[in-house]
Amino acid sequence: MLLERLQNYDQSDIYPFHMPGHKRQIELGADAYHLDITEVEGFDNLHHAQGILKEEQARLAQYVGAKHSFFLVNGSTCGILAAISAAVPRGGKLLMARNSHKAAYHALFLRQLHAHYVYPPISDFDIQGALAPEQIRRALSQDEEIDAVYVTSPTYDGVVSDIEAIAQIAHSFGKPLIVDEAHGAHFGFHPAFPRSAVSCGADLVIQSVHKTLPAFTQSAVMHLCSDRMQDQVLEEFLDIYESSSPSYVLMAGISRLVPFLQAEGDVRFSALAEHLREFYEKSKRLCHLHVIQEEDFGRSDAFALDPSKILISTKNCNINGRQLYDQLLARYHLQLEMCSGEYATALCSLMDDPQGFERLADALFQIDAALRKEETPKCGFVAQMYREREQVCSIAEARERMGETVALKKAVGRVSGEYVYLYPPGIPILVPGERIDADFVAEVEEIKARGMMPEGLWDMRAEFIKVL
């Protein structure tokens, strides 16, 4: 039973360096089943909020400095879908970062939109960097058909773009700016962490509060920050994309964030900042593994870096990111958030305790002692996987045209009718409408050889693919 497995996990000594941000350290004071209701008298209706839910959303908006805040019980996904749908007319064009979450691509499909991609740089440690404001300016200058700008900041790896500068550029062209800040719900509450896009001029900001704050999985919020977007239009699309039976348990978890942060935020964020400072300082003594710090990025690669995303690089040693991830779990009972080609990510929150950081540091030093330096330079896994690909047609056209299923090895030269991505981070490596080349086939085999499995394909073994 799933419930039994969850209970066993909770009772184990596995330390959660992964979301949700509550790290199983919050008590509701009652069994969740006892709190699970529907829209009964006195509890308001999320899709027509006039009472307590309207008040709770207004309190959140005031606390973060937004014009209007919306509770989301279908995660950031429904917020991204609603935001893009409200900002771009059907058949319009969205300027978006190519390293966007798959939800943004689904919005392109549903609204039959066209994409103008901008590609982030790849850092020396093979991590996708920040978008440069000049990239946005150049794209808007070259393409007058763009209706809105959509960027992800921070990325899954904690890389932050200069949202203030990007917002100024977007607005100078008369375009609204949507920021997927799903991994930055904790921004703006302490000087050790970057500013939130809410205070940097973005028009719409979507945050997954469950990722880095003490809220239930699937809990998110969307902040409307300007008059460039209309409340009514957003609410109409939220009514489409969000459940008509929202969970009051999830909404209760969101609503308790403001009083929790008011009462305990300063102390807890200060403690987290100190634990991180000590961990990063200690990690400098590693010989082969390398814990990435802000100085490892050039200014062109990252405007800022969220220190609560601990990125452990295997670039210069004889293991890869997946192997490090597996060792930390099997031998040290440390469950990390994700792994990539040459790094693994530990996700921290204000609910972490010092023992967790001590266990991670001790484990890394023990693993490090058994490693050796890699003499042969490693290929850039991320640079290889997330490279620019030929865009033949729109996602909607590719998904709706009749096609056929062929062996992946025989798909070279064909146009994909499917997505291919790694989850996490949920960023498509291949998008419907893009051409498949020989290197892509080799890249899929490389993914599988590393013990990872590409997702998005109808064929879960990743041996066949649908093509136009």
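So, how much space lies in the second largest pocket? About 640 Å³. Keep in mind that what we're looking at is a predicted model.

Let's stay with that pocket for a moment. Its lining is made of 28 residues, and if you want to find the centre on screen, go to M19, Y156, H210, K211 and Y423, which are the closest to it. Two helices give two or more residues each to this lining: α4, residues 75-87, and α8, residues 209-212. The largest share is from α4, with four residues. As for chemistry, you've got 13 polar residues in the lining, 11 nonpolar ones and four charged ones.

Okay, now the largest pocket. Here the space is about 1300 Å³. There are 27 lining residues, and L6, H22, R24, A32 and F216 sit closest to the centre. Three elements supply two or more lining residues: α1 (2-11), α2 (32-35) and α10 (248-255). Out of the elements, α1 gives the most, five residues. And the lining of this largest pocket splits into 15 nonpolar, seven charged and five polar residues.

Right, on to helix packing. In general, you describe two packed helices by the angle between their axes and how far apart those axes are.

We met α4 in the second pocket, so let's see what α4 does with α5, residues 102-110. Their axes come within 9 Å and cross at roughly 40°. That angle is why α4 counts as oblique to α5. The crossing itself is right-handed. If you zoom in, the α4 side of the contact is T77, I80, L81 and I84, and they meet A103, A104, H106, A107 and L110 on α5. By class, that contact has seven nonpolar residues, two polar and no charged ones.

The other pair I'd like to show is α3, residues 52-64, with α11, residues 257-283. Again the axes come within 9 Å, crossing at roughly 40°. So α3 and α11 are oblique to each other. On the α3 side, the contact uses R59, L60 and Y63, while α11 brings V258, P259, L261 and Q262. Sorted by class, you get five nonpolar residues, one polar and one charged.

If you take one helix away from this talk, make it α4: α4 gives the largest share of the second largest pocket's lining, and α4 also passes α5 in that right-handed crossing. Okay, that's me done. Thanks, everyone.

Terms used. Residues are numbered from 1 along each chain as its sequence is written. This is a predicted model: local features need pLDDT of at least 70, side-chain atom pairs count only at pLDDT 80 or more; totals for chains, interfaces and linings use all residues. Side-chain values use heavy atoms; hydrogens and water are left out. On a 1 Å grid over the protein atoms alone, a cavity is a set of points where a 1.4 Å probe fits but cannot get out, and a pocket is an open set with protein on both sides within 12 Å along at least five of seven lines; lining residues have an atom within 4 Å of a point. Grid points are joined across faces, edges and corners, and a volume is the space filled by probe spheres set on the points. Ala, Val, Leu, Ile, Met, Phe, Trp, Tyr, Cys and Pro count as nonpolar, Asp, Glu, Lys and Arg as charged, and the others, Gly among them, as polar. Axes are lines fitted to C-alpha atoms, for helices over the stretch in contact, and angles run from 0 to 180 degrees between N-to-C directions. Angles under 35 degrees count as roughly parallel, over 145 as roughly antiparallel, 65 to 115 as roughly perpendicular and the rest as oblique. A crossing is left-handed if the near helix is turned anticlockwise from the far one by less than a right angle, and right-handed if clockwise. Contact means heavy atoms within 4.5 Å.
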